[in-house]
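Please read the following report alongside the sequence and the coordinates, which are shown here.

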Amino acid sequence: MAKQKVKNRWLIALCAVGIHISIGSVYAWSNFTNPLIEEFGWSSSQVQFTFSLAILFLGLSAAFLGWYVEKYGPRVAGITAAIFFGIGVFGSGFAVNLGSLWALYLFYGVLGGIGLGVGYIAPVSTLVKWFPDRRGLATGMAIMGFGFAAAIASPVMNWLIGSVGIAMTFYILGASYFVIMILSSLYMSRPPEGWTPEGYDDSEEEDVDKMDLAFIGAKEALKKKRFYYLWIMLFINVTCGIAVISAAKPLAENSVGMTSAAAASLVGIMGLFNGGGRIAWATASDYIGRSTTYLIFFAIQIVLFIVLPMTTSVTLFVIFFGIIYTCYGGGFSTIPAFIGDLFGTKELGAIHGYILTAWAAAGLVGPSFAAFMRDTVGSYESSLIYFAGLFVVALIVSILTKVDIRRLKANIRHSEDQRKAQ
C-alpha cells in the first residue's frame, strides 16, 4: 500500500521545470531595457544594474538559504521562492507607476533575486534524490527550463509591453509566475526514506566507480579541496561564457560582418543551444562521468576561443558559438550531479548554494572583464585569447579533480578490502 502513495518522479521533474521556466525569465530582462530608458530617461547602466542585482542576490540567497531548503523541504522552499519572486516581479509594476528606480532595485533586484536563488536550488537538490540512477538527466531537465525560459518569455514580454504597457506587464507576469510556481511547489517533495526507483539495485552502488565518494554536510564539504575545485571550474566556465555571450552581437558584426538584425537573431537562436546543452551534457555525464564532462568542456573551449577571432565563415562562426553556448549551459546543469557524486545528497541543496556563489561572482566579473579587455587590447576578438588562457587554468583544475577522485576511490577500495579481510 505504501508503494502506491509514492509520487511520480517524472511529475516531480515536470514541476521542477515549471519553477525554473518561471524564474529563468530573468534572462529576458533586456526586453525592459529600452522601454524603461525611453519612459524615464534612466541610463542603460542604471537599468542594467537591476539585472546584475538580481543575479547577485540569486547567488547570495542560494548560498545563505541552502540550509532552509534542506530543513523545510522543497515544497516550503518552492512556495517561499514563489512568494519572493512573485512579489518581486509584481511589485516592479508599482515601481514603474511610482517612477522609482530604487523601488525597482528593491522589488526586482533584491526580492526577485532572493526568489531566484531559493527557486533555483530547491528543485535541483530534490531531483538528485529522486533520480539516483539518472542524476545528470534529472538535473539537466530542470536547469534546461531555466535556459529555455528567455526564449519563451521574450516574445510574451515584448507583446505585453506593446499592448498594455510596462507596469501592467510586470503585474501580469508577477501574478502568472506566482501561480505557476505555487502549483509546481505543491507537488514537490523528497522521496520516502529508503525509496529507490523500480529496477534500480542498491547493491550496484557497492561498485566504487558508481557510488558517492562521501555523505557529508555542507560545513564539512567546505573543508574539502574538491569543493574549491568545483567552485573554480564553474566560475571560469561562467565568467568566460557570460563574457562572450554579453559581447555576442558586436562579435558577430565585427568578426564575420553579420548585419545588426542578423546578429540580434543569432543571439536569440543561441538561447536554444544554451537550453539544449543543459540537458544534453548533463545526460552525457551519466555515461562518461562528471569529471570527464568538464574536462571536455574546457578542452573544446580552449580551441574555440583561439580560432573564433580568425573565423571568417558565418556558418563556422555560428557553429562555434553554438558549441560554446552548449558548454556554458552544460556547466550549470552538470554541477548538481557532480556535487552528489563527490559529497552525497545529505545537504546537497546547501552545498549547491555555496557553489553558486561562483555564478554570482562571474555575473559581475565576466561582462566587466570583457569590456576591460576590449578597451585594453582594442577589440573583443583580440581579448578572446585571454579567455582561452583562463580555460587552460580550468582544464588544469579539472585534471586535478580527476586525480583527486581516483585517489578517493583507491582509498575506498583499500578500506573495503581491509574490511573484507577482517
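Is Arg-135 buried or exposed? Arg-135 is buried in this predicted model, with a relative accessible area of 8%.

## Salt bridges

A search of the whole structure finds eight salt bridges. In one of them, Arg-135 is paired with Asp-341, and the closest N and O atoms of the two residues are 3.0 Å apart. This pair connects distant parts of the chain, since Arg-135 belongs to helix H6 (residues 135-164) and Asp-341 to helix H13, with their positions 206 residues apart.

Asp-341 also forms a salt bridge with Arg-290, where the closest N and O atoms are 2.8 Å apart. Here too distant parts of the chain are linked, Arg-290 lying in helix H12 (residues 290-307) and Asp-341 in helix H13, 51 residues apart. Both Asp-341 and Arg-290 are buried, and a network of salt bridges links Arg-135, Asp-286, Arg-290 and Asp-341. Elsewhere, Lys-223 forms a salt bridge with Glu-220 at 3.8 Å between the closest N and O atoms; Lys-223 counts as exposed, at 64% relative accessibility, while Glu-220 counts as partly exposed, at 34%.

## Helix H13

Helix H13, which covers residues 314-343, has 30 residues and spans 44 Å from its first C-alpha to its last, close to the 44 Å expected at 1.5 Å a residue. Within H13 there is nevertheless a kink of about 35° at Ile-335, shortly before the proline Pro-336. Of the 30 residues of H13, 24 are buried, so the helix is largely enclosed by the rest of the structure.

At the start of H13, a side-chain oxygen of Ser-313 comes to within 3.4 Å of the backbone nitrogen of Thr-315. The helix is followed by Gly-344, which has a positive phi, near 80°.

## Aromatic contacts

The structure holds 34 aromatic pairs. Phe-40 and Trp-42 form a stacked pair, with 4.5 Å from centre to centre and 20° between the planes; Phe-40 is partly exposed at a relative accessible area of 28%, whereas Trp-42 is buried at 11%. The rings of Trp-102 and Tyr-105 have centres 5.5 Å apart and planes at 85°, so this pair is edge-to-face. These two residues are three apart in helix H5 (residues 101-130), and are thus separated by about one helical turn, yet Trp-102 counts as exposed at 69% relative accessibility and Tyr-105 as buried at 8%.

One aromatic cluster is formed by Trp-281, Tyr-294, Phe-297, Phe-298, Phe-305, Phe-338, Phe-387 and Phe-391. In addition, Lys-7 lies over the face of Tyr-187, at 4.9 Å from the ring centre.

Methods: Residues numbered from 1 in each chain as written. Predicted model: local features only at pLDDT ≥ 70, side-chain atom pairs only at ≥ 80, totals over all residues. Heavy atoms only, no water. Phe/Tyr/Trp six-rings, centres within 6.5 Å; stacked < 30°, edge-to-face > 60°. Buried < 20%, exposed > 50% of the residue type's maximum accessible area, 1.4 Å probe, protein only. Helix = DSSP H or I, 4+ residues; strand = E, 2+ residues; numbered from the N terminus. Lys NZ or Arg CZ within 6 Å of the ring centre and 35° of its normal. Expected span 1.5 Å × (residues − 1). Bend = angle between axes of the 7 residues up to and from the residue. Polar contact = N/O pair within 3.5 Å; in protein donor to acceptor, adjacent residues only side chain to side chain. Salt bridge = Lys/Arg side-chain N within 4 Å of Asp/Glu carboxyl O.
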